Amino acid sequence: MTSTLEDPAPEVGSFRRGAVSPAKGALRMRWRVAARLARRQVRRTALSSILIAVLVMLPIAAMTGYAIVAMSMVPSAQERATAELGRMEAWLAVTGVPGEGFWQAPTEPQWYGYATDAGFTSDAPPLGDPLSLLPAGTEALRLAERTVRVETPAGVTTMRATSGESWDPRFAGKFDVRDGRVPAARDEVMVTPAALDRLGIRIGDEVRLSADDRTLTVTGTLDAAELGDDVPALFLAESADFGGEARWYLPELVLDWPDVQTLNDDGVVALSRTVLLDPPVIDPTEVQGSYDAYAGQIWSIVMLLATAGLFAAYVVVMLAGAAFAVAGRRQQRSLAVAASVGATAGDLRRTVLLQGTLLGLVGGIAGLVLGVGAAILTVTLTSDGSATQYWGFHVPWPLLAAILVFSVLVGTASAAAPAHTVARSDTLAALRGARRPQRPTASRPVWGSVLLVLGIALTLGSSFTILAVDATDIPWDSPLRTIPPFGVVAGPIIVQVGILLSGRWLLWTTSRMMSPLGLAARLASRDAAANSSRTVPAFAAIAATVFLAVFAVGQGAMQSSASARDWFYQAPIGSMAVTFYSGDTGQAPDPLDGTEARAAADAGLELAETAGASATAVVAQQLEPWWYPNVEEIGGGENRVIAVLPERHLLDPTVSQSFTGNGQSPSNPLSVIAPDELETALGVRLSPAQLDAYRDGAAVAADPRYVTSGTIRVSAWSARDVYEGRTPDNVWMRTENTPDLADPVWERRLEAITVDAPLQPTLIAVSPDTAEDLGISAQPTMVIASFDDPVPTDTRDRVQAQSELLSTPEWIVAPSFEEGPPSDAVWIAPILIAVTTLVLGASSVALSLARVERRPDDATLSAVGGTRGLRRRIGFWQGLLIAGFGTVAGTAAGILPPVGFAIQSRGTLQLDDVPWLLLGLLAVALPLGIAAASWLVPPRRPDLTRRTVIA
């Protein structure tokens, strides 16, 4: 007879479909109970749960906002087709020459080239009219773009102009009529709304083109998809003599990829709607580089999100893990009760892990919502009105789903270590409420020490490997060249892992060292060591943040200083330099002759007046002889006067960086400047005695290397000798392969006036009278203008526009304002602000958790006579310990990569350029400030009814 208390054993094959085995059912029940306990514990520890959810939410919101904004700047094929073609089927443009293997990328006509084996040397002209390649009767609309000069109430400005029927309805989406009517005659024009504001006119008024001396009547306004709301532009009727870059738009003719390739054979590129919406799969050898702008943009976004996500995950796991450690210890008694009624270690582990999963999910959802809102706000506030800045509000659902999964994984990972600790806890001890300090194990300090040494060795070893490999003939694609740079960066990361593994032992050692500093220091350090699961993650997060900041600041400072050492100052800082050159766009344009150079200098002086200059200077130099096509055309009586460097300053060809020209012409260092313009040209003040000596024939030297015994050697050679390289060039020492030096026509010594004005175009200056005495034939090459006050942006824009108006087909004037090398503060300040914010946040989380967990200890201290001041001092030492550990460790690890890159740069990057004082303040002053803030925040009044007994 079968007992009714026992289930009969099922027969094989008797389970129904969907039935669950007893083992699986029990496991499912355990998961259900663990999930219920996790939800209850999350509600019970509301404050720590909110903290953890917020820690997860913030990076998720940032990642979500970035993903949406970035993807909104990436067009879909249909959006791009509308913005570039409207309702047209394709556009054509002549870019190459026929019969030379010309090719283009299918959807990126600007990505083109010639076959590598074509040996492109053809002088054949490009095709004149691409419509000749299309079937007879094909309809096409020609649009051409260029810049035109338009008269304004205040003068003349430049605007973008389009010639052709831009208002054709088939351009809808690319060009849209906004107001008024379309032009019906050649003397009518449409404009953008911004052009009306810029010119101060209305529909029906006239626009005057200064260069063409034409007056056009405005009939309406037109919106262009690729132009912002504040961009003025004109849309004129088609004109054959308009010039500019032309495109032919095809309203009806459909072009597939073979058709486009056929056009490529004749040097014509095409953007086809058919190809754009359904791009072909191409052979990389057919289109070199296999250029795909869409895939490249998506890949960049994903890579940036992944990089930022890894760093955010590390910081969040550390800080949220510390919060979970505190919450886990506060749950020990309730979880011990569950263990006492049958919950296994796996059940306890699942309970804590599910808390992390739940809070990761909650924080992720909140972050997604906040990120979407931030993205909407960002797009709304930063949009310039064009259809090509933000193509639409693109929500990348797959990316957002991945970000949400990422947030759940981060929340779960944050609870992993506390879950492991809770699962190993002693149930009876937890029920009694006993709390014993954690002891550091031997293995972690050993492994931590090993990783510390390994990381430092890897960084330095990789640096010296790079240095050694550079002196060999090892191929550039060899792993010996490509792998070591990664070691320079990976080494410090390993150092940080070593510090993290050794954190508990370091805290324990520190607590013993701080014991003699007083009761507050002893209690604070022992609390940190006893609760290392809370303390170590906090300073690890701080260390990771400081590591990145120190790395960026150190490396950036060295690179900025290296750039500053090679910076070419076109003029004294704060001045404007106006250079002029030939308007010939050929490969070897002819230089300006004397008449053209003087006219260009007058235009430069006019620009200086437009900019409101307080003083101007015209710099003149000798014409270089190698502009002559051959030596036979050089006049026999032409000489070139050179200020010659002493022999000891000539370059050794085997040593690089021995002389830095910085854009100067060391081989032609003489400039001719009027005495009353000399101070403006050099940006220095000269005494009356120095100016008198300059007028009397002395030379001013901005580079003291030209001066020997207070004089400068000036020699003359024939232009033919200079052309043939038979003169010293002040740069390279002569070798056996160079022509023999010719004898100078004459030599003289000029009294030298040395000034401190390095790294600018003028090396040696002489007055016009001295130049005439020396037989120097010089012509203007530059105009320099100085100002009493900084030049505002609108004035600079006006000068730039005016330069285009003053330029001619023969010569072009190019103004530029000299600001000097970029200031480090531009990028150092944001980095320091960001790292300070992150360190303050991490420290606040850690110190807040410490105060919450220390409440029973505060009650005990108060019960035995501990004062409020003692508890304040404990907060001070805890802040100093946590933040100090993090900043010092991060600074020590962060400086290793700059040291490595400085070693392998062979002197280009110098460690002296690292702002050591700033990094020292970051490592010392920031922890002191955090400790002071912790001391200023008063501790809560202790609850004496909950004090624990001191064993």
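Where is arginine 36 placed? In this predicted model, arginine 36 lies in helix H1, which covers residues 22-44. Its side of the story continues at the surface, where Arg28, Arg32, Arg36, Arg39, Arg40 and Arg43 form a positive patch. Arginine 36 has a relative accessible area of 32%, so it counts as partly exposed, the class between 20% and 50%. An α-helix has 3.6 residues a turn, so residues three or four places apart point the same way.

A second surface patch is nonpolar. Val446, Trp447, Val450, Ile493, Val497 and Leu501 make up this patch, and together they offer about 530 Å² of accessible area. Two helices, H13 (443-470) and H15 (484-501), each contribute at least two of the residues of the nonpolar patch. Valine 497, for one, sits in helix H15; with a relative accessible area of 38%, valine 497 is partly exposed.

Helix H18 (residues 532-565) offers a handy check on geometry. With 34 residues at 1.5 Å a residue, helix H18 should span 50 Å, and the 48 Å between its end C-alpha atoms agrees with this. H18 is also mostly covered, as 26 of its 34 residues are buried.

Further along the chain, attention turns to a loop. Proline 809 is found in the loop between helix H24 (793-806) and strand S23 (811-817). The relative accessible area of proline 809 is 70%, and this residue is therefore exposed, the cut-off being over 50%. Proline 809 and serine 582 are 227 residues apart along the chain, yet their C-alpha atoms are separated by 8.3 Å.

Key: Residues are numbered from 1 along each chain as its sequence is written. This is a predicted model: local features need pLDDT of at least 70, side-chain atom pairs count only at pLDDT 80 or more; totals for chains, interfaces and linings use all residues. Side-chain values use heavy atoms; hydrogens and water are left out. Patches are made of residues with over 30% relative accessible area and no salt bridge: like charges are joined within 9 Å, nonpolar side chains (Val, Leu, Ile, Met, Phe, Trp, Tyr) within 5 Å. Accessible areas come from the Shrake-Rupley method with a 1.4 Å probe; for residues, only the protein chains shown count as cover. A salt bridge is a side-chain nitrogen of Lys or Arg within 4 Å of a carboxyl oxygen of Asp or Glu. Lys and Arg count as positive and Asp and Glu as negative; His and the chain ends are not counted. The place of a charge is taken as NZ of Lys, CZ of Arg, CG of Asp or CD of Glu. Helices (H or I, at least four residues) and strands (E, at least two) are DSSP runs, numbered from the N terminus. Buried means under 20% relative accessible area, exposed over 50%, partly exposed in between (1.4 Å probe, protein chains only). The expected span of a helix is 1.5 Å times one less than its number of residues.
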